[in-house]
Amino acid sequence: MAIDALAGFVETSGQTLSIKLTPRAMVPLMQLMQLSQSDPESALAQFRIEASTGL
């Protein structure tokens, strides 16, 4: 869904792109920072990602 929103955003000029990250559970900040450096995909998996475009 996020990829589709990003593609639509790039294809159409004059739009805004909104991305909302919602944590799935409590994760200590230091643990998240270390995970983002070693395994960015796992770090992103800790969040629910919503993306939308608009004018």
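**Entry 1: surface patch.** I went looking for greasy spots on the outside and found a nonpolar surface patch of about 370 Å², made by I19, L21, L44 and I49. Note to self: this is a predicted model.

**Entry 2: L44.** I picked one patch member, L44, and checked where it sits. L44 belongs to helix 3, which covers residues 40-44. Is L44 buried, exposed or in between? Its relative accessibility is 46%, so I put it down as partly exposed; the exposed class would need over 50%.

**Entry 3: fold layout.** Next I counted elements: the protein chain has 3 helices and 2 strands. Reading along the sequence, I get α-β-α-α-β. Then I asked how the radius of gyration of the protein chain stands against the globule rule. I get 14 Å, and the rule gives 10 Å for 55 residues, so the chain is more spread out than a compact globule.

**Entry 4: box.** I also pulled the extents along the principal axes: the C-alpha atoms of the protein chain fill a box of roughly 40 × 20 × 15 Å.

**Entry 5: burial and surface.** How much of the chain is buried? I find 11% of the 55 residues in that class, with the cut-off at under 20% relative accessible area. The accessible surface of the protein chain comes to about 4500 Å², and carbon and sulfur atoms account for 61% of that surface.

**Entry 6: contacts.** Last, I looked at sequence separation. Taking contacts between residues at least 6 apart in sequence, I see that 63% join residues at least 24 apart.

How values were computed:
Residues are numbered from 1 along each chain as its sequence is written. This is a predicted model: local features need pLDDT of at least 70, side-chain atom pairs count only at pLDDT 80 or more; totals for chains, interfaces and linings use all residues. Side-chain values use heavy atoms; hydrogens and water are left out. Patches are made of residues with over 30% relative accessible area and no salt bridge: like charges are joined within 9 Å, nonpolar side chains (Val, Leu, Ile, Met, Phe, Trp, Tyr) within 5 Å. Accessible areas come from the Shrake-Rupley method with a 1.4 Å probe; for residues, only the protein chains shown count as cover. A salt bridge is a side-chain nitrogen of Lys or Arg within 4 Å of a carboxyl oxygen of Asp or Glu. Helices (H or I, at least four residues) and strands (E, at least two) are DSSP runs, numbered from the N terminus. Buried means under 20% relative accessible area, exposed over 50%, partly exposed in between (1.4 Å probe, protein chains only). The radius of gyration is taken over C-alpha atoms; the globule rule is 2.2 Å times the number of residues to the power 0.38. Contact means heavy atoms within 4.5 Å.
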